[in-house]
Amino acid sequence: MWVKDFKPMQVAKLDIDYYCEERVNFTLTEWRELLVTSMGSNPKVYTPRQQLLLLTRLIPIVQNRVNLIELAPKGTGKSFVYQNLSRYTRVLSGGKVTAAVLFYNLASQTPGLLTQYDVVVFDEAQTISFDNPGEVIGILKDYLESGRYTRGNKSVTEDTGIVLLGNIPLDSTGRPSQSILFYNLPNFLQETAYIDRLHGILPGWEIPRVTVDTPARGIGFKADFLVKFCTHCENIPVVMMNTLQTI
C-alpha cells in the first residue's frame, strides 16, 4: 500500500474577518450551541445558563491574564476542555509543584511553565502543595496581581492566566455544603490576599455531572481552528463575562 496524497488537517491560515462575517448567519442560540459542541459537549443536555457556564471556561484562553477558579463536585468535566482543546494550555494535576518548574530553574537557567503557555491550570486544587511553599506562594501572589515575578536575579513579565479547579462537596439541594466556598482548599487559597487576586469564581456546581449523553454530537469547529480563533481575540463577549461570580 502506497500513500499517493496527503492533505494536512491543521489550520494554516486564520481568516478572522470571514469568521465574523459568517456569524450573522446564526442566531444567538445556534451560535452558543455550536461553540458548546466544538468544546466537546452536547448542548441539548444543558440549559442556556449551563451552556454559558461551559463557555466561561474558555475565557482564560481568550483573554490574557485572567485568573479563574471553578468549584464543583467530581465528574463535571472541569479539566476536559483544558486538556483537550488547546496545546497552549498546561494542566498540573494536584501533587507538589516547585518554584523551578513554575517560575524559573536557577540551576539549569531555564524558564518555567508560566513563560511557555497561555494558561496554567491547577487541577485537583484541594490536593495541591508546594515545595518551599513560602517562596512559591509569595511569588505567585505577586504574579497574580501584576503579571510580573522575580526569582533569583531573573525578572519576568508574562500574560499567562492561572486557572484553579477544585472539588467541593454539595448538600442535598445541589449547593456547596460549606458557607465558605474555599473551606476544602489549602490554607493559602483561603487567604484574602490571594482571593482578591482572582477575577472570578465559576459556579461549577450548577453544571451537571458527565453522563453517556453529555459528549458532543453533530457538527462543530475543529479544535485547532477554535483555539486559534480564541487566542487571536482581543475582547471577551460581555455575555460570557456576565456568568462569572465576581469576588
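Buried means under 20% relative accessible area, exposed means over 50%, and partly exposed lies in between. Keep these cut-offs at hand for the exercises below, which work with a predicted model.

**Exercise 1. Helix α3 and its cover**

Find out which residues of α3 are buried, and place Gln50 on the scale from buried to exposed.

*Solution.*
Step 1: Locate the helix. Helix α3 covers residues 48–56, and Gln50 is part of this helix.
Step 2: Check Gln50. Its relative accessible area is 16%, so Gln50 is buried.
Step 3: Go through the rest of the helix. The buried residues are Gln50, Gln51, Leu52, Leu53, Leu54, Leu55 and Thr56. With seven of its nine residues buried, α3 is mostly covered.
Step 4: Take one long look across the model. From Gln50 to Thr231 the C-alpha atoms are 23 Å apart, with the two positions 181 residues apart in sequence numbering.

**Exercise 2. Three salt bridges**

Work out which parts of the chain are tied together by the pairs Lys44 and Glu33, Glu206 and Arg49, and Arg197 and Glu145.

*Solution.*
Step 1: Recall the principle. Side chains of opposite charge can pair when their charged atoms come close. The structure holds seven salt bridges, and we take three of them here.
Step 2: Lys44 and Glu33 meet at 3.2 Å, N to O. Lys44 sits in the loop between α2 and α3 while Glu33 belongs to helix α2, so the bridge links parts 11 residues apart in sequence. Lys44 is exposed because its relative accessibility is 63%.
Step 3: In the pair Glu206 and Arg49, the closest N and O atoms are 2.7 Å apart. Glu206 is in the loop between β11 and α9, and Arg49 is in helix α3, so this pair ties together parts 157 residues apart in sequence. Both partners are partly exposed: Glu206 at 23% and Arg49 at 38%.
Step 4: Arg197 and Glu145 have their closest N and O atoms 2.9 Å apart. Arg197 lies in the loop between α8 and β11 and Glu145 in helix α7, so the parts joined are 52 residues apart in sequence. Glu145 is exposed, at 52%.

**Exercise 3. A charged patch and two cysteines**

Name the residues of the negative surface patch, then state how many disulfides the structure holds.

*Solution.*
Step 1: The patch gathers Asp15, Asp17, Glu21 and Glu22. Asp17 lies in helix α1, residues 16–23, and is exposed at 57%.
Step 2: The structure holds zero disulfides.
Step 3: Compare two cysteines by their cover. Cys20 is partly exposed at 42%, whereas Cys230 is buried at 4%.

How values were computed
Residues are numbered from 1 along each chain as its sequence is written. This is a predicted model: local features need pLDDT of at least 70, side-chain atom pairs count only at pLDDT 80 or more; totals for chains, interfaces and linings use all residues. Side-chain values use heavy atoms; hydrogens and water are left out. Patches are made of residues with over 30% relative accessible area and no salt bridge: like charges are joined within 9 Å, nonpolar side chains (Val, Leu, Ile, Met, Phe, Trp, Tyr) within 5 Å. Accessible areas come from the Shrake-Rupley method with a 1.4 Å probe; for residues, only the protein chains shown count as cover. A salt bridge is a side-chain nitrogen of Lys or Arg within 4 Å of a carboxyl oxygen of Asp or Glu. Lys and Arg count as positive and Asp and Glu as negative; His and the chain ends are not counted. The place of a charge is taken as NZ of Lys, CZ of Arg, CG of Asp or CD of Glu. Helices (H or I, at least four residues) and strands (E, at least two) are DSSP runs, numbered from the N terminus. Buried means under 20% relative accessible area, exposed over 50%, partly exposed in between (1.4 Å probe, protein chains only). A disulfide is a pair of cysteine sulfur atoms within 2.5 Å.
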